[in-house]
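User: I have a structure to go through before lab meeting, and I'd like to talk over its surface and its charged residues. Could you take a look with me?
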Amino acid sequence: TPAVPALLLYAVALNFSVLSSVGAVSLNSVGLVKYATQIMVIRTIVNVTLSVALVIQFGYIGVPLAWAAAAALEGVLMFRGFGPGAIARTLLPMTWLFLPLGASVALGLVAAHAPLPLRPRAFITLGVTCAVYAGVVWAMCPQWLREVVRRKVRSLPRHSGGIGLHASGVT
């Protein structure tokens, strides 16, 4: 359908918007209310101006493009309010959360275009997306988190055989 590209752009822009909302609340909480308000005004002006220009140029898809651009600009300005190195201090430690999402979505999209009937394609896409996400998270997560997971797995009851049978023989 023609609305899918606009929906995808809104989904991407939402990530920027969430970050800038958290930034605005954080700036307000540390007493930079005037700066946060100025950024919100700038975002509104950029959003409206770009929306008009991009709708004329690209049609209805110009609105989510403008929203994404304004939200990205707002996010950068929000981080700038926290001083030099704010992006590195806040976002780099969370890379292990962002990379798996991107990798799983990318490979899930590839799997979704497999020349198969709908049901098998849906299950394969789901399996690929989940497996890639889990694998990349495991490979990139902090060592302390891997240790916590290993301890939890070791504490699970052991199975002695068939489906649903525990070592005690009681299911």
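Analyst: Let me begin with a definition: a residue is called buried under 20% relative accessible area, exposed over 50%, and partly exposed in between. Val4 has a relative accessible area of 39%, so Val4 is partly exposed. Please keep in mind that this is a predicted model.

User: Ok, and where does Val4 lie?
Analyst: Val4 lies in helix α1, which covers residues 4-29. Val4 is 57 residues from Ile61 in sequence, while the C-alpha atoms of the two are 9.8 Å apart in space.

User: Switching to charges, how many salt bridges does the structure hold?
Analyst: The structure holds 2 salt bridges. One of them pairs Arg43 with Glu74, with 2.4 Å between the closest N and O atoms. Arg43 belongs to helix α2 (residues 33-58) and Glu74 to helix α3 (residues 62-80), so this pair ties together parts that are 31 residues apart in sequence.

User: Are Arg43 and Glu74 buried or exposed?
Analyst: Arg43 is buried, and Glu74 is buried as well.

User: And which residue does Arg150 meet in a salt bridge?
Analyst: The side chain of Arg150 meets that of Glu147, at 3.0 Å from N to O. Both residues are in helix α7 and stand 3 residues apart, which means that about one helical turn separates them. Arg150 counts as partly exposed because its relative accessibility is 30%, and Glu147 likewise counts as partly exposed, at 29%.

User: Staying with charge, which residues form the positive surface patch?
Analyst: The positive surface patch is formed by Arg151, Lys152, Arg154 and Arg158. Of these, Lys152 can be placed in helix α7, which spans residues 143-154.

User: Why does Lys152 count as exposed?
Analyst: Lys152 has 57% relative accessibility, and exposed means over 50%, so Lys152 counts as exposed.

User: What about a nonpolar patch, which residues make that?
Analyst: Leu101, Val105, Leu109 and Tyr133 make a nonpolar surface patch of about 370 Å². Helix α5, running over residues 95-112, supplies the largest share of the nonpolar patch, with 3 residues. Tyr133, for its part, is found in helix α6 (residues 118-140), and Tyr133 is partly exposed, with a relative accessible area of 35%.

User: I noticed Ser104 in helix α5 too. Which residues does Ser104 touch?
Analyst: If residues up to four places away in sequence are not counted, Ser104 touches Thr129, Val132 and Tyr133. Tyr133 therefore appears both in that contact list and in the nonpolar patch, whose area is about 370 Å². Ser104 counts as buried because its relative accessibility is 3%.

User: Last one, Asn47: where is it, and what does it touch?
Analyst: Asn47 has its place in helix α2, the helix that also holds Arg43 of the salt bridge with Glu74. Leaving out residues up to four places away in sequence, Asn47 touches Ala66, Trp67 and Ala70.

User: And is Asn47 buried or exposed?
Analyst: Asn47 counts as buried, at 19% relative accessibility, because buried means under 20%.

Notes
Residues numbered from 1 in each chain as written. Predicted model: local features only at pLDDT ≥ 70, side-chain atom pairs only at ≥ 80, totals over all residues. Heavy atoms only, no water. Patch = residues over 30% accessible without salt bridge, like charges linked within 9 Å, V, L, I, M, F, W, Y side chains within 5 Å. Areas by Shrake-Rupley, 256 points an atom, 1.4 Å probe, with all protein chains shown as cover. Salt bridge = Lys/Arg side-chain N within 4 Å of Asp/Glu carboxyl O. Lys, Arg positive; Asp, Glu negative; His and termini not counted. Charge placed at Lys NZ, Arg CZ, Asp CG, Glu CD. Helix = DSSP H or I, 4+ residues; strand = E, 2+ residues; numbered from the N terminus. Buried < 20%, exposed > 50% of the residue type's maximum accessible area, 1.4 Å probe, protein only. Contact = heavy atoms within 4.5 Å.
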